[in-house]
Amino acid sequence: MKILVCIKQVPGSNNVEVDPVTGVLKRSGIQSKMNPYDLYGIEAALSLTEKYGGSVECITMGPPQAKSIIEEAVCMGAKNGTVLSDRKFAGADVLATAYTISQGIRKCGDFDIIICGKQTTDGDTAQVGAEVAENLNIPNVSNVISIDEIIDGKATVTASLDNNTIKMSVELPCLISMENDINTPRLPSYKVKQSITDDVVKILTFDDFDDKNPDHYGLSGSATQVERIFPPEKNTEKHSVTGSSSEQAQSLYELVSKLKMI
Amino acid sequence: MYNKINEKDVIALRAIVGESNVLTGNEISPDYAHDELGGIERMPDALVRAYSTEQISEIMKLAYERCLPVTVRGSGTGLVGAAVALEGGILLETVKMNKILELDKNNLTVTVQPGVLLMELAAFAEENDFLYPPDPGEKSATIGGNISTNAGGMRAVKYGVTRDYVRALKVVMPNGEILELGAKVAKNSSGYSLKDLVVGSEGTLCIITEAVLKLVPLPKVSVSLLVPFKDMKSAIEAVPQIIRSKVTPTAIEYMSRDTILFSESYLGKKFPDTKNDAYILLTFDGNTDEQVEADMNTVANLCLDIGALDAYIVDTEERKKSVWSARGAFLEAIKASTTEMDECDVVVPKDMIAEFIKFTHVLSDEMGIRIPSFGHAGDGNLHIYICRDELDDKTWHEKLEICFERMYRKAEELGGLVSGEHGIGYAKKNYLKEQYGQTPIALMQGIKRVFDEKNILNPGKVCF
């Protein structure tokens, strides 16, 4: 079985500051890391190959330094990976990103399952996976908490619907977006890191793609434009309730009643 | 010898701290009769919740005049019965004194009340780009409790223990007098260090009501390595070689697969790797990626050379959480795996730790009793748990006594001491007396008498 996991390099901290004037994320000096949600996807993929055989590859779009997250995935057990990197891809919104990734996937070969994380910690849109599936014309299941069985060209998966779960059968090839916190991702191996060779990472650029229309990529291929990025307002308001347990309970009751929460 | 608390005393205490902060009889939860390990139980006659130094001073004036025993208690997470009111009387709870009073960025200190929880202090320091290095596993312990036992924790290998971070203390003496010991200074040759005497005195000398603690700048980079070995012997034997490599990790912890599995079932959360029998968990910190990576590489290569099966890199917040949250839950997890247990937190010279752990394995086989352990391989402090499992009462107590006797004797033989960080309290005082002998114990008793001539503070603990 061939599995491809879509991964992304994101800022290493959740507390990245936004420049109030330009609206740009202040990335300088901030370490980067693999999107934590993608780790659950990699773990799910590696577990599947342990059960059914096969291999795991990874793909990412980003600057050349995104190569480090492919190496990290290899240290976790993936075979190799591809970085889609070209200045023409810069400034892409969800639509252009999904299109670029699907063009890249076509050049990487055929896969039985493509796995994505739930969303990224920097963009938080949770839309790229579904749009990649649409571009590749394959079925897509989101919010998957487990891939239970693969038999006769079909995967049985369980997805979370907030208050319920749903078990579904989906034909391969398909794209599955995994929920977070569904497994404990394995740790990267130092031993593998020491023996890693350059050929585990392949770089694909615009010139490698079949569709060479620049208007389909980057800023010009984007249907949406970011007008402004701003940090959410921090609410530091605190209300302390003191007194004995019964006094505290009474005050708390009065407070939530006043706020019409009950 | 002591007076029993009467109605007049209760009225006087209520006048000091308010009606709702003095509980008596059935109003007191049975939890206040014991600490976390529950080896000794005794209900106090009155539970008093204090909010200020002045209130504690007034309470002590009353207790001194009336000769009422007073036992101070923080979160009750101790393991040797130090916060149990052996003689009844007043159990003085300081958890409501939980304010962080000052962050002094010029002198790199933070001033706290004793009820601030370790996890609150750690988070506060980090938010302000500082590190409070002492890092005991029990994060819901109070700072007052940490100071009272001179708690160490996982970063002791590089940073030392609580005593190294206490600059000054405000204390209330048994007669109610308020004193300030130590100062916000980096050097101090001004007579006997009373402050250092109070650190680790387990509430027997005076009551800590404020502490000035030293902070260090928050290291910018921190990476852990989880190193699997085929068995505990190979894992433990790697530690002295790591120490000899002259790289100083922040922490070197050892853990067995069994303990990790208990933790998985206790937390309901999988550990990233359980394929191997034994692991060493190391942390490296510093200010640059290059420096930390160089240290990490040195130790990872060394471990691989001496038989480690791999070295897993724990480099992001998520990965650290998945590994360290399990480590933080080991005590509770072992507790949940058995019907009853007792603990031993001996400390031996670093190069003797492998021998001591091997000894506990032999002892476990010989005695037919389960003795899981984990601990601070890098500083020689072990946490060893003797599990009762299905043993009947008589056999359990017989085996427990023999195990303790033999373990403390072995520790002494290897040049170690009775307690590394949990303290002596009630449970370990006979072992302390046995090891130290007459003169050191008489000195301790003399010190206790000078501080507390009526012996009203935490009676029956440490050296009496």
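The radius of gyration is taken here over C-alpha atoms, and the value for a compact globule follows the rule of 2.2 Å times the number of residues to the power 0.38. In the present structure, which is a predicted model, a compact globule of 464 residues would by this rule have a radius of gyration near 23 Å, and the 22 Å of chain B agrees with it. The C-alpha trace of chain B spans about 70 × 60 × 45 Å along its principal axes, and the secondary structure of this chain comes to 15 helices and 18 strands.

Within chain B, four elements are assembled into an open sheet of 4 strands, in which the order is β1-β2-β4-β3 and the pairing is mixed. Strands β1 (22-24) and β3 (70-73) of chain B occupy the edges, each with a single partner strand, so that one side of each is left without a neighbour in the sheet. On average, and with direction ignored, neighbouring strands of this sheet are turned by 20 degrees against each other. The pairing of β1(B) with strand β2 (residues 46-49) of chain B is antiparallel and extends over 3 bridges, with Val48(B) in β2(B) serving as the bridge partner of Val22(B).

Helix α2(B) lies across β2, β3 and β4 (90-93) of chain B, and runs at about 170 degrees to β4(B). This helix (residues 53-66) also packs with helix α1 (residues 7-17) of chain B, at an angle of about 165 degrees and with the two axes 9 Å apart, which makes α1(B) roughly antiparallel to α2(B). The crossing of α1(B) and α2(B) is right-handed. In the contact, Asp9(B), Ala12(B), Leu13(B), Ile16(B) and Val17(B) of α1(B) meet Gln55(B), Glu58(B), Ile59(B), Leu62(B) and Arg66(B) of α2(B); by class, these comprise 6 nonpolar, 1 polar and 3 charged residues.

In chain A, 9 strands form an open sheet with mixed pairing, in the order β9-β8-β7-β10-β6-β1-β4-β5-β11. The edges are taken by β9 (164-171) and β11 (201-204) of chain A, and because each has a single partner strand, one side of each is left without a neighbour in the sheet. Neighbouring strands are here turned by 30 degrees against each other on average, direction ignored. Strand β5 (residues 80-84) of chain A runs parallel to β11(A) and is joined to it by 4 bridges, and Gly81(A) stands opposite Val201(A) in β11(A).

Helix α1 (residues 36-52) of chain A lies across β1 (2-6), β4 (55-61), β6 (113-116), β7 (140-151) and β10 (174-178) of chain A, running at about 175 degrees to β1(A). Helix α3(A) likewise packs on the sheet, where it touches β1, β4, β5, β6 and β11 of chain A, and its direction makes about 140 degrees with that of β4(A). The axes of α3 (residues 94-108) and α4 (residues 128-136) of chain A come within 8 Å and cross at roughly 50 degrees, which makes α3(A) oblique to α4(A). This crossing of α3(A) and α4(A) is right-handed, and the residues of the contact divide into 9 nonpolar, 3 polar and 1 charged.

Between the chains, 18 residues of chain B are in contact with 13 residues of chain A. On the side of chain B that touches chain A, the elements giving two or more residues are α9 (289-305), β15 (312-314) and α10 (317-328) of chain B, and the residues of that side divide into 9 nonpolar, 3 polar and 6 charged.

Terms used:
Residues numbered from 1 in each chain as written. Chains lettered and ligands numbered in written order. Predicted model: local features only at pLDDT ≥ 70, side-chain atom pairs only at ≥ 80, totals over all residues. Axes fitted to C-alpha atoms, helices over the stretch in contact; angles between N-to-C directions. Parallel < 35°, antiparallel > 145°, perpendicular 65-115°, else oblique. Left-handed = near helix turned anticlockwise from the far one by under 90°. Contact = placed C-beta atoms within 7 Å. Nonpolar A, V, L, I, M, F, W, Y, C, P; charged D, E, K, R; others polar. Pairing = 2+ DSSP bridges.
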